[in-house]
Amino acid sequence: MPNLLLRHGRIIDPANRRDETADLAIVDGRIAAMIPAGGVFEEIDCRGLVVAPGLIDLHVHFREPGQSAKETIATGARAAAAGGFTSVVCMPNTLPAVDTPSVVSWIREKAEREACVNVFTTGAITKGIAGEELAPIGSMARAGIVALTDDGHCVQNHELMRRALEYARMFQLPVLDHCQDYALVGKGVMHEGYWSTLLGLPGWPSAGEEMIVMRNILLAGLCETPIHCQHLSSGDSVRLIRDARARGIPISAEVCPHHIALSDDSLQGYDTNFKMNPPLRTRADIDALIQGIADGVVTILASDHAPHCAYEKEVEFDMAPFGIVGLETELGLFLDILVHKSRAIDLPRLIALLTIEPARLLRLDRGTLSPGAPADVTIIDPDLEWTVDAATFQSRSTNTPFHGRELKGRAVRTIVAGKTVWP
Amino acid sequence: MTGKLKSSQPSAVNWTRKDLIAIQDLSPEEITFVLDTAAAFKQVSAREIKKVPSLRGKTLVNFFVEPSTRTRTSFELAAFRLSADVVNISASTSSLSKGETLKDTALNLQALHADIIVLRHSSAGAPLFLSQRLAASVINAGDGAHEHPTQALLDLFTIRERLGRIAGLHVAIVGDILFSRVARSDIFALLKLGARVTLVGPSTLVPREFEKLGVHVTHDIDSILPEVDVVNLLRIQHERQRKEYFPSLGEYTAFFGLTRERAARLKPGALIMHPGPINRGVEIDSEIADSTRSVILDQVTNGLAVRMAVLYLCAGAASIEHAL
């Protein structure tokens, strides 16, 4: 593996408040403090490009074990690399679920062998993600999970959620939550509102998310233990979290690209590539989510990369599985919407939301360009205009609503521990 | 159509749709054109020989994933009167019960050279899904809570036949609007042809979102009855899963049922409609259902003519499309 010298790039390293045009040297897979005299380097011209810490996506579904027709750890990792991500965090709703240390070890060993990026895994809060009894949290912590979540499902029993929080604290394991009140949501498949009324599709009301966001705020306060709310979709969820954070409650939240790129009127053609959970909501929700990102209420951005086979999605709308692939469109959408179009945040803040912020939440030794850190680096052309083409995806699946969308900005090279993994 | 069907003069519309998926897709002119075509076909059913050769050699599949007797029979008879061959498939007799997807089942029907597929399905959007994947005509016979276009067309046909027009009339639709595909198709069709629409029912079953469609919503049936030209009562269901929407059928009848007292408040000449099957004594008083103001059985008769028109027009458009 050659040592790399990234020449004349705009180095943006939010963890170190660094934003300057300079050279960056990578020696033996780590960020070098200075350019060693007489060293031999492969030089990469980064003029006009941004040199950022490797991006982290803390919300992906890589489907192994059990559903490798949708995605594998290897193909998911390639999709991550193609999208500029050097680290990903897998959700535990596999088959079987990640609810024992042996599944944790299986994933970690497979990732070690086959993945071109760093693959971390979460563990389930409850056995079988059934929401009834605690999974072996301590044993999974020892096996190397980085967080707990029942993502895809939501613990409905508030007492059980409380005890999970208290128990997880012993292992310093962050708890992430997919916020969905089952009684309110019922069989909902799209945002409840004007369009669900018109289309005759069962509605998934915003209150179904907000109810659990509020529950989490109360439990985080009660237990004095942080909770991270996954994939916020509703504007009122942002307002609840803003108020709670102002009161010092340890609550945080993430937003996915599709929830700020598309609204519920996209469902008019009953295209199942627009079906996700939580659902696409209204223009007002989009504005509130973007406002939350701009004013620091939302501290993390993630994809909720959820691959499904074409044949699984090509069914009646209410029978189709929820979710879309996201890793290969994520950075482009965030750059396009947040930095270029709405100007809600600047480039350094966007990079922070995709690097040091998730690294801090999950206590990962990643997300910075500090000297000595593992040389995970993403080189970004923030102004490159490109068109999404699902046929070129590295992911095993192509279930995206963004095929054909024109975007501005993308990763042009992805480096993991000093090795170029994309292109 | 045969040369003997010239008494009505259909408005000049170039019908190009191979499918009928939703009233929302149709222009006011297209709706009127279907009604005019149906008027011509209605005469066929009154003849000694109730058959024309319009669809001779065509195969129609009644694909009813959700059970129905009335609509399926109506489509079946309509197809017979047009001389089409008809096959009936239900969810339990199809391979859907063996896990085959809707798409694969439909592709198999197409491989058997089905020309027209009439689909009833519990999932909103299912007919659109099929129409995008099949060369055959797809006719929506009701999809989830989305649309039931031929029901709306037969409702409009019946109103127009009795009252001579649609524009300017005030129509009340009463009952479970939230879960009703009939309500949606009726609302779209009536608004497109210039009627005023008022929705009446329990607040749990008539969400305010409907007002954005340009209709009026009320929960007071007594105030609205003297003003309307047509009252269309929807079937009320009170199965286990609906118990959170209203407490009992008795309370429903007390607040929204068309009792004799309420029927007496209607304008002279106002029509009473119901898509059926009716619950006597629940949404409508039994004697009122049988009264001269009730056009419930006319709706059934007209449904046949409307469905003949729809099959004739869509199959014709499909043939032209295919030939091109």
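Counting over all chains, we arrive at 35 salt bridges, and I should say at once that the structure on the screen is a predicted model. I will go through a few of these pairs, beginning with chain A.

In helix H4 of chain A, which covers residues 158-169, A:Arg162 and A:Glu166 sit 4 residues apart, about one turn of the helix. Their side chains form a salt bridge in which the closest N and O atoms are 3.0 Å apart. This pair also belongs to something wider, since A:Glu159, A:Arg162, A:Arg163 and A:Glu166 are linked in a network of salt bridges. As for solvent, A:Arg162 is partly exposed, with a relative accessible area of 24%, and A:Glu166 is likewise partly exposed, its value being 24%.

Let me turn to helix H10 of chain A, residues 283-294, where A:Arg283 and A:Asp287 are again placed 4 residues apart, about one turn of the helix. Here the salt bridge has its closest N and O atoms 3.2 Å apart, and A:Asp287 is partly exposed, with a relative accessible area of 42%.

Finally, what does B:Arg133 meet in a salt bridge? The partner is the side chain of A:Glu314, with an N to O distance of 2.6 Å. This pair crosses between chains, running from the loop between helix H4 (126-131) and strand S4 (137-143) of chain B to the loop between helix H11 (310-313) and helix H12 (327-341) of chain A. B:Arg133 counts as partly exposed at 29% relative accessibility, and A:Glu314 counts as partly exposed at 23%.

Methods:
Residues are numbered from 1 along each chain as its sequence is written. Chains are lettered from A and ligands numbered from 1 in the order in which they are written. This is a predicted model: local features need pLDDT of at least 70, side-chain atom pairs count only at pLDDT 80 or more; totals for chains, interfaces and linings use all residues. Side-chain values use heavy atoms; hydrogens and water are left out. A salt bridge is a side-chain nitrogen of Lys or Arg within 4 Å of a carboxyl oxygen of Asp or Glu. Helices (H or I, at least four residues) and strands (E, at least two) are DSSP runs, numbered from the N terminus. Buried means under 20% relative accessible area, exposed over 50%, partly exposed in between (1.4 Å probe, protein chains only).
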